[in-house]
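Trainee: I should like a close look at the charged pairs in this model and at the parts of the chain around them. Please take the surroundings into account as well.

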Amino acid sequence: MNTASAGFGPSAALYVDWTGSSKDEPPYALYFFRNNQYIRWDIDREQLYPGYPRNIADGWPGLSEVAPGIPLSGAMSVPGWNNKIYFFFRGQTKAAVWDVESNTLEPSRIEIAALMPSHLTEDGHFAPVHVDRGDRQTVYAFRGDAYTRFTVTEGKLPEREDEGYPRKIGDGWTGGLSVMPTCAVSVRWTTRSSSLPSHKLYFFLGDLYTRWDIDSHSNNYRLDIPSGWKGWPEFG
C-alpha cells in the first residue's frame, strides 16, 4: 500500500555522472526522490533546477511501473559495477537496474542478495550509498543501528560483505550518526574553494540531514533541510 504524504525529506538520493551517455545535459547530477516525485539539484550553482519537483514517470520512464504503489527506498550509481544505477523499493528483494550509457531502464531486475549479500539487505529495508574516494570505491548499507560495507571491484559484484562487517553505526560514524538514515548520498561539489573539502556525504533523517566530510571522516553539522538547502521544495 502506498502511504504517500507531503514533506521535505527524501526517501532516495542519487549522484550520477552522465559523461559518455546519451543524456544531453550537464554531466554531474544530483537527484532526490519522494513518493511519486523527484527534484534535481544544480551541482555548479548549488540550487534547485527550475521546473521541479517533477513526476518520476516523466523523467525516469518505466521506473514507476517496476513496483506500482511502492515508494523508492534507495538509489545509487556504481560506475565500478558496469556503470549502472540501482533503484531499491521498500520491502522488495529485487532492485531495478538503470543503464547509464543508454539512459534506459533494463528489462530485468537483480536480486539484492546477488548485488549486496548481507542479512542487512535481505528485504529491501535499508539505506544504500556509494562512495568514490578516487583510489577506491565502496558501497554501504545502513539498517536499524547497524551498517555493512562492500569494496567495489571493477566489473565484478561482491561475493560477500567486507571482513569485520556488519558493525554498529555509532561505532563507525562517531559523533554524527547512530541509527539508519532515511537515505544517503555522496556528492562532489564543482565550484567550491580549493581550500575547502568539496567531497561530502549527506545523511537524511526525515526532514533533517547531517553533512559528513569524507576526507576527514568527520561530522560537519546537522540542520533541517530547508535551512541548509535554500529553495528546497516540499514534495506533494
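Mentor: The model is predicted, and its mean pLDDT over the chain is 92, with 97% of the residues scoring at least 70. Among the elements, strand 13 has the highest mean pLDDT, 98, and strand 18 (residues 218–224) the lowest, 88. Where pLDDT is low, predicted coordinates should not be read in detail.

On the charged pairs, the count comes to 7 salt bridges. One of them joins the side chains of Lys84 and Asp99, with N and O 2.7 Å apart. Lys84 belongs to strand 7 (residues 84–89) and Asp99 to strand 8 (residues 94–99), so this pair ties together parts that are 15 residues apart in sequence. Lys84 counts as buried, at 15% relative accessibility. Asp99 is buried too, with a relative accessible area of 13%.

Lys84 also forms a salt bridge with Glu106, and here the closest N and O atoms are 2.5 Å apart. Glu106 lies in the loop between strand 9 (104–105) and strand 10 (110–111), while Lys84 is in strand 7, so the pair ties together parts that are 22 residues apart in sequence. At 28% relative accessibility, Glu106 counts as partly exposed.

A further salt bridge links Asp162 and Arg149, whose closest N and O atoms are 2.6 Å apart. Arg149 is in strand 13 and Asp162 in the loop between strand 13 (146–151) and strand 14 (167–168), so the parts tied together are 13 residues apart in sequence. Asp162 is buried, with a relative accessible area of 12%, whereas Arg149 is partly exposed at 21%. Returning to Lys84, shared partners join Lys84, Asp99 and Glu106 into one network of salt bridges.

Next to Lys84 in the numbering comes Asn83, which lies in the loop between strand 6 and strand 7. Asn83 is not a glycine, yet its phi is positive, at about 55 degrees. Its relative accessible area is 27%, and Asn83 is therefore partly exposed. A second residue of this kind is His217, with a positive phi near 50 degrees although it is not a glycine. His217 is found in the loop between strand 17 (208–213) and strand 18, and it is partly exposed, with a relative accessible area of 37%.

The loop that holds Asp162, between strand 13 and strand 14, also contains Pro166. The peptide bond joining Tyr165 and Pro166 is cis, with omega about 5 degrees. Another cis bond leads from Tyr52 to Pro53, with omega near 10 degrees; Pro53 sits in the loop between strand 4 (47–48) and strand 5 (54–55).

Strands 7 and 8, which carry Lys84 and Asp99, also take part in the largest nonpolar core. This core has 42 residues, and those with the most contacts inside it are Leu30, Phe32, Phe33, Trp60, Phe87, Phe204 and Trp229. At least two core residues come from each of strand 1 (12–17), strand 2 (28–34), strand 3 (37–42), strand 6, strand 7, strand 8, strand 15 (183–188) and strand 16 (199–205). Apart from its neighbours within four places in sequence, Phe32 is in contact with residues including Tyr38, Trp41, Val185, Phe204 and Trp229.

Leu72, in strand 6 (residues 72–78), is buried, with a relative accessible area of 5%. Beyond its neighbours within four places in sequence, Leu72 touches Phe87, Phe88 and Phe89, among others including Phe33 and Ile56. The C-alpha atoms of Leu72 and Arg167 are separated by 25 Å, the two residues being 95 places apart along the chain.

There is also open space to describe. The largest pocket has a volume of about 360 Å³. It is lined by 21 residues, of which Tyr15, Asp17, Pro79, His130 and Asp132 are the closest to its centre. Strand 1, strand 6, strand 11 (127–132) and strand 15 each give two or more residues to the lining. As for enclosed space, the count is 1 cavity of 30 Å³ or more, and the volume of the largest cavity is about 30 Å³. The residues lining that cavity are Val131, Arg133, Trp173, Leu201, Trp212, Ile214 and His217, the last of which is the residue with the positive phi near 50 degrees described above.

Note on methods. Residues are numbered from 1 along each chain as its sequence is written. This is a predicted model: local features need pLDDT of at least 70, side-chain atom pairs count only at pLDDT 80 or more; totals for chains, interfaces and linings use all residues. Side-chain values use heavy atoms; hydrogens and water are left out. A salt bridge is a side-chain nitrogen of Lys or Arg within 4 Å of a carboxyl oxygen of Asp or Glu. Helices (H or I, at least four residues) and strands (E, at least two) are DSSP runs, numbered from the N terminus. Buried means under 20% relative accessible area, exposed over 50%, partly exposed in between (1.4 Å probe, protein chains only). Contact means heavy atoms within 4.5 Å. A nonpolar core is a set of buried Ala, Val, Leu, Ile, Met, Phe, Trp, Tyr and Cys residues joined through side-chain atoms within 4.5 Å. pLDDT is the predictor's confidence in each residue, from 0 to 100. On a 1 Å grid over the protein atoms alone, a cavity is a set of points where a 1.4 Å probe fits but cannot get out, and a pocket is an open set with protein on both sides within 12 Å along at least five of seven lines; lining residues have an atom within 4 Å of a point. Grid points are joined across faces, edges and corners, and a volume is the space filled by probe spheres set on the points.
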